[in-house]
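Hi everyone, thanks for making time for this. I'd like to walk you through one protein chain, and you can follow along on the screen.

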Amino acid sequence: SAGVAIVATLVSLLLGHPIPTEFAMTGEITLRGRVLPVGGVRDKVLAAHHANIKHVILPARNECTIEELPAEVREELRFSFVHRIWDVLEVLFPDKLVVQVPEVNSGVVERAVVQLNSA
């Protein structure tokens with residue numbers, strides 16, 4: 001369940017820009033960048049909430065599992081549901097990266113362009 005966090009950490013190191021401490025994330029990734037669902041989301045989110053995390057990044061296919069959480073936890077956390085690793089990078093580094101993913105009808109992205117934002 002650490003694939004997303006590992007990639008995010010590597011990009012953070014390359015950028016020289018730390019991931020804000022308000023974030024927690026989970027999800028596996030494929031070699032083509034798809035974020036896959038994981039198990040144990042309820043326990044992971046409850047642990048993040050207990051650690052005063054404010055924003056949780058989860059695979060889009062795990063969105064239905066947040067209904068298992070207590071209402072107060074759902075209200076106190078912000079959730080981002082992602083399909084691809086590029087979505088994760090845009091959430092974590094909105095002002096640092098420009099992510100260009102070509103539109104492909106088959107749903108397969110052969111490559112994405114990620115560059116530093118010049119602004």
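Let me start with one term, as I'll use it a lot: a residue is buried under 20% relative accessible area, exposed over 50%, and partly exposed in between. Take Arg 42 as a first case: its relative accessibility is 35%, so Arg 42 counts as partly exposed. And please keep in mind throughout that this is a predicted model.

Who does Arg 42 meet? Its side chain and that of Asp 43 come together in a salt bridge, at 3.8 Å from N to O. Asp 43 is at 53% relative accessibility, so this partner falls in the exposed class. If you go looking for other salt bridges, I can save you the time: the structure holds one.

Now let's step back to the whole chain. We have 119 residues, and 35% of them count as buried. The chain has four helices and seven strands. Reading from the N terminus, the order is α-β-β-β-α-β-α-β-α-β-β. If we take the contacts with a separation of 6 or more, 55% of them are between residues 24 or more positions apart. The accessible surface is about 7300 Å², and carbon and sulfur atoms own 53% of that.

On to the inside. A bit of background first: in soluble globular proteins, nonpolar side chains tend to be buried together. In our model, the largest nonpolar core has 14 residues, and the ones with the most contacts inside it are Val 4, Met 25, Ile 57, Val 88 and Leu 92. Which elements give two or more residues to this core? They are helix 1, residues 3–15, strand 1, residues 23–25, and helix 4, residues 85–92. Helix 4 provides the largest share, with five residues.

Ile 57 is a nice one to click on. Setting aside neighbours within four places in sequence, Ile 57 is in contact with Phe 23, Ala 24, Met 25 and Thr 26, then with Ser 80 and Val 82, and also with Val 88, Val 91 and Leu 92. Apart from this core there is another one, of twelve residues, including Val 45, Ala 48, Val 56 and Phe 79.

Phe 79 brings me to the aromatics. How many aromatic pairs are there? The count comes to one. The partners are Phe 79 and Phe 81, with 5.9 Å from centre to centre and 10 degrees between the planes, and the pair is stacked. Why is it called that? Planes under 30 degrees apart count as stacked. The two rings' residues fall on either side of the burial cut-off: Phe 79 has 18% relative accessible area, so it is buried, while Phe 81 has 24%, so it counts as partly exposed.

Let's visit some loops. Leu 77 sits in the loop between helix 3, residues 71–76, and strand 5, residues 78–82. Is Leu 77 buried or exposed? Its relative accessible area is 7%, so Leu 77 is buried. Leaving out residues up to four places away in sequence, Leu 77 touches Val 45, His 49, Ile 53, Lys 54 and Val 56. For Lys 54, the C-alpha atoms are 5.1 Å apart in space, with the two positions 23 residues apart in sequence terms.

Next, Asn 52, in the loop between helix 2, residues 41–50, and strand 4, residues 55–59. Most residues other than glycine have a negative phi. Asn 52 has a positive value, with phi near 65 degrees. With a relative accessible area of 57%, Asn 52 is exposed.

One more loop residue: Thr 21, between helix 1 and strand 1. Thr 21 is exposed too, at 75% relative accessible area. The C-alpha atoms of Thr 21 and His 55 are separated by 9.3 Å, and these residues are 34 apart along the chain.

Last stop, the surface. Ile 6, Leu 10 and Leu 13 form a nonpolar patch there, with about 330 Å² of accessible area together. Ile 6 belongs to helix 1, and its relative accessible area of 51% makes Ile 6 exposed. Helix 1 is also one of the elements giving two or more residues to the largest core.

That's my tour. Thanks for listening!

Notes
Residues are numbered from 1 along each chain as its sequence is written. This is a predicted model: local features need pLDDT of at least 70, side-chain atom pairs count only at pLDDT 80 or more; totals for chains, interfaces and linings use all residues. Side-chain values use heavy atoms; hydrogens and water are left out. A nonpolar core is a set of buried Ala, Val, Leu, Ile, Met, Phe, Trp, Tyr and Cys residues joined through side-chain atoms within 4.5 Å. Buried means under 20% relative accessible area, exposed over 50%, partly exposed in between (1.4 Å probe, protein chains only). Contact means heavy atoms within 4.5 Å. Rings of Phe, Tyr and Trp (its six-membered ring) pair if their centres lie within 6.5 Å; planes under 30 degrees apart count as stacked, over 60 as edge-to-face and the rest as tilted. A salt bridge is a side-chain nitrogen of Lys or Arg within 4 Å of a carboxyl oxygen of Asp or Glu. Patches are made of residues with over 30% relative accessible area and no salt bridge: like charges are joined within 9 Å, nonpolar side chains (Val, Leu, Ile, Met, Phe, Trp, Tyr) within 5 Å. Accessible areas come from the Shrake-Rupley method with a 1.4 Å probe; for residues, only the protein chains shown count as cover.
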